[in-house]
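Subject: Structure handover

Hello,

Here is the structure you asked about. Please open it first, then read my notes below.

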Amino acid sequence: MSGDGGRVLELTRQDARRLAVRAQVLTAQRPDGVMDAVERLTFLQHDPIAAVAPSADLVLFSRLGSAYDPRELEDLVAQQRIVEVQGRLMPAHDVRLLTAEMAAWPGGPDAPAWQQANARWLDDNRGCRDDILELLRSDGPLTAAELPDTCVRPWRSSGWNNRKNVTMLLGLLVEAGEVAAAGRRGREKLWDLAERVYPPDEPVPLDEARRIRDARRLRSLGILREKAQATRVEPLHAGGAGVVARVEGVRGTWRVDPELLDATSEPRTALVAPLDRLLFDRKRVAELFEFDYVLEMYKPAAQRRWGYYALPVLHGDRLVGKLDATADRRAGRLLVHAVHEDGDWTPDVRAAVDAEIADLAAWLELDLVRETADR
């Protein structure tokens, strides 16, 4: 690893991978509990699919091991120390980095066309918006099913969200900072006025907030492509944060967090959730880790190579395989359908991965059952 002052850093792929793994707290130096983990990761992606366990819980298991109790996260959400914003579970005090952007929604004439179209749809249905806000003010928190659909212009999409007027309207009101997720009643999400969910912190001015978010994103991920395609919620780049770097054998330039460059850490083995932030940018995964992976749950069974919800396997700074497993909670079993090895594993790697699978079963409080010995 080399570079100083205004020079471009020159990194090997191993340098880059180690930065990414260290930043994502996937070394032997584990976080100090749930809140520390979420602070360092900046957020957890909420996803209801629980073929093994809910995504947010799997991410925390990867960092904290079987000592992690999902009730700790539930308690932090119930206490509103962690809040859900656009599918992200984040520390409540970080909402102040988003509120100026919410107030400016949809972002003026320079906003993307799709966002301006959403704003027009919301304005066309301002009567429904007012009805929902009034009912939440008097009776909230409420589920989407308990809110009135008085939209005069239905939502139209490619088909997935057709006739989900209230759901789509609530999502836009979250973006505009008027409504917030307020926990759950069973499996149903509750909604309330944002002012009753988010802390009453003074918003950080928009440009400053974006700089802080760019720096935190880079700190939590270690290395990001300098240029990346636009995404709807969380960017794939670091803005102007960090320093410029090139990675040997990889095209383009990157941004790295200089404070992570000289740190050292002890490697370990971990099972990684499919929606883990380590994997969020599939191009980054392919270029830095040289790892072939896609979440296959939306593919027909016959077209899957690794399984419905395969968990990538991290060993040190390499992604070395995939675990195809399912939690059968009724039968009290963690079914291991297959362990797919990328390349030839040594006995030590197999032993380390087997220990992680056993730890996963112990954390889930399920009996470990291997359906096949094939690897």
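A disulfide is a pair of cysteine sulfur atoms within 2.5 Å. Keep that cut-off in mind for the cysteines. Note also that this is a predicted model.

Cysteines

How many disulfides does a search of the whole structure find? The count is 0. Cys128 and Cys151 show the reason. The closest cysteine sulfur to that of Cys128 belongs to Cys151, and at 3.7 Å it is too far for a bond. Seen from the other side, Cys151 has its closest cysteine sulfur in Cys128, again at 3.7 Å and too far for a bond. Are these two residues buried or exposed? Cys128 counts as buried, at 1% relative accessibility. Cys151 is buried too, with a relative accessible area of 17%.

Overall fold

The chain has 11 helices and 15 strands. Its radius of gyration is 22 Å, close to the 21 Å that the globule rule gives for 375 residues, so the chain is as compact as a globular protein of that length. Along the principal axes, the C-alpha atoms fill a box of roughly 65 × 60 × 40 Å. Of the 375 residues, 47% count as buried. Among contacts with a separation of 6 or more, 62% join residues 24 or more positions apart.

Surface and charge

About 18200 Å² of the chain is exposed. Carbon and sulfur atoms supply 48% of that area. There are 53 positive and 61 negative side chains. The centres of the two sets lie 4 Å apart.

Best wishes

Terms used
Residues are numbered from 1 along each chain as its sequence is written. This is a predicted model: local features need pLDDT of at least 70, side-chain atom pairs count only at pLDDT 80 or more; totals for chains, interfaces and linings use all residues. Side-chain values use heavy atoms; hydrogens and water are left out. Buried means under 20% relative accessible area, exposed over 50%, partly exposed in between (1.4 Å probe, protein chains only). Helices (H or I, at least four residues) and strands (E, at least two) are DSSP runs, numbered from the N terminus. The radius of gyration is taken over C-alpha atoms; the globule rule is 2.2 Å times the number of residues to the power 0.38. Contact means heavy atoms within 4.5 Å. Accessible areas come from the Shrake-Rupley method with a 1.4 Å probe; for residues, only the protein chains shown count as cover. Lys and Arg count as positive and Asp and Glu as negative; His and the chain ends are not counted. The place of a charge is taken as NZ of Lys, CZ of Arg, CG of Asp or CD of Glu.
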